[in-house]
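Got a structure open and wondering how the labels people hang on it are earned? Let's go through some of them, one at a time.

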Amino acid sequence: MEELTTLIGELVRIETENPPGNEKACAEFIATWFEERDIEAEIIDEPYPDRPQVGVKVGSGEPTLVLNGHIDVVPAGDRDQWTHDPYAGEEVDGRLYGRGSVDMKTGVAIGMLTIAHFADDIESGRLPGSLVFHAAIGEETAEPGTKTLLENGYDGDYGVVLEPTRLHTATSEKGLAWYEISVTGDPSHASRPDQGTNAIQYAKPMLDALDEYDSTVRERTDPLVGQAYSTVTMFEAGTKENVVPEEAKITIDRRFLPDESIEQIDSEIDELVESVQEEHGVTISWNRTRTYESAAIDEDSVLADIFRKHSARVADVSPEPWGVSASTDVRNFINDADTEAITWGPGDLAQAHTYDEHVDLSAAMDGLDALLGATEEMLTAVSE
């Protein structure tokens, strides 16, 4: 417990906010940590030279299991809202507080300790297979950190994305796409409003259409990840109090299911915009600004079964199939690298991105225990 607590605290105390993307110091710390244990760690300067990542590989046999963690965290926000300093890594009553403690430096820590635990046994041949570790950048902003590590040879036969799932094994996850819809008007002085065309007024039919679209989308469901959604999350318009606005921007957060494709959703947004333009005579354009694709594997895969077994062993976690409603880098394994992978890890996702974010240290220890057991069984069972 002490070794794990110390490592989580050390990682939390290295501020890695994204934006802007301050992962460098943490990547260097992780590389040094492995090197101090005679485990080779490579600094990867892609996709951004000033935001390095770390790749580690132990052994050369099959199968290869990849343990993936991202080291960027969302900004701490208003420090006055924190009871505990977000970058002090303070331990109180069995909890360790700080930004990234759950999302996901605890996952990074148990991945690091698992690699170190098995390194000698793998190198000596006492344990078959090989292990890979990722300390990836840019997960919080859909950047190609994990994708780049996989492309640089830090890939494998199976993957575990160590996000906080309370040790539930997610074999599927929702996708996420953000759309920006721009409604165009003509500016004029507010003392002569009829001289211009008010983009806010023109945006009303678009907002009504998006409300109807959300109602339609919510009828789509998946047994593991639940409902699809299309939520208006931002509305921006106007430059000055006495100017009729020439543009209004609407942002949509579209959560989609594994059986929905991004091409399908693009087409739906395009048809929606065209119908409003034709019916109301307004000028509207749209752009998809960020995409996390959905992903799924067979819920009865060997990988999932083994992790469910060890989660139940250490923490009485239900072995029932499960999916995660958030978006993770598991899509890079499944969709880009055609690798069977799950999202799994200690801690509660409800703590992610919150003030006074914290991890229960006993849950973190359960996670390490389960990961050690599942890793050993996975390498042994699949190699036979």
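Q: What makes the sheet with the order β13-β15-β9-β16 a sheet of four paired strands?
A: Keep in mind that this is a predicted model. Two strands pair if DSSP finds at least two bridges between them. Take β9 and β16: nine bridges join these antiparallel strands, so they meet that cut-off. Within that pairing, Val-183 stands opposite Ile-284 in β16. The sheet as a whole is open, with antiparallel pairing.

Q: Why are β13 and β16 called edge strands?
A: Each of them pairs on one side only. As for twist, neighbouring strands of this sheet are turned by 20° against each other on average, ignoring direction.

Q: How do you know that helix α6 lies across β9, β15 and β16?
A: Contact means heavy atoms within 4.5 Å, and helix α6 (residues 262-280) lies across these three strands. Its direction runs at about 160° to β16.

Q: Why is α1 called roughly antiparallel to α2?
A: Helix α1 (residues 2-12) and helix α2 (residues 24-35) pack at an angle of about 150°, their axes 10 Å apart. Angles over 145 degrees count as roughly antiparallel, which makes α1 roughly antiparallel to α2.

Q: Which residues make that contact, and how do they divide by class?
A: From α1 come Leu-7, Glu-10 and Leu-11, and they meet Cys-26, Phe-29, Ile-30 and Trp-33 in α2. By class, that is six nonpolar, no polar and one charged.

Q: What makes β4 and β20 the edges of the sheet with the order β4-β5-β20?
A: This is an open sheet of three strands with antiparallel pairing. β4 (91-92) and β20 (358-360) each have a single partner strand, so one side of each is left without a neighbour in the sheet.

Q: How do you know that β5 pairs with β20?
A: The cut-off is at least two bridges, and three join β5 (residues 95-97) to β20, so the two strands pair. Here Arg-95 stands opposite Asp-360 in β20. Two helices come in as well: α1 packs on the sheet, touching β4 and β5, at about 15° to β5, while α3 (residues 101-124) lies across β5 and β20 at about 50° to β20.

Q: What lines the largest pocket?
A: The pocket has a volume of about 460 Å³. Of its 24 lining residues, the closest to the centre are Glu-140, Arg-255, Ala-326, Ser-327 and His-353. The lining divides into nine nonpolar, nine polar and six charged residues, and β9 and β16 each supply at least two of them.

Notes:
Residues are numbered from 1 along each chain as its sequence is written. This is a predicted model: local features need pLDDT of at least 70, side-chain atom pairs count only at pLDDT 80 or more; totals for chains, interfaces and linings use all residues. Side-chain values use heavy atoms; hydrogens and water are left out. On a 1 Å grid over the protein atoms alone, a cavity is a set of points where a 1.4 Å probe fits but cannot get out, and a pocket is an open set with protein on both sides within 12 Å along at least five of seven lines; lining residues have an atom within 4 Å of a point. Grid points are joined across faces, edges and corners, and a volume is the space filled by probe spheres set on the points. Ala, Val, Leu, Ile, Met, Phe, Trp, Tyr, Cys and Pro count as nonpolar, Asp, Glu, Lys and Arg as charged, and the others, Gly among them, as polar. Axes are lines fitted to C-alpha atoms, for helices over the stretch in contact, and angles run from 0 to 180 degrees between N-to-C directions. Angles under 35 degrees count as roughly parallel, over 145 as roughly antiparallel, 65 to 115 as roughly perpendicular and the rest as oblique.
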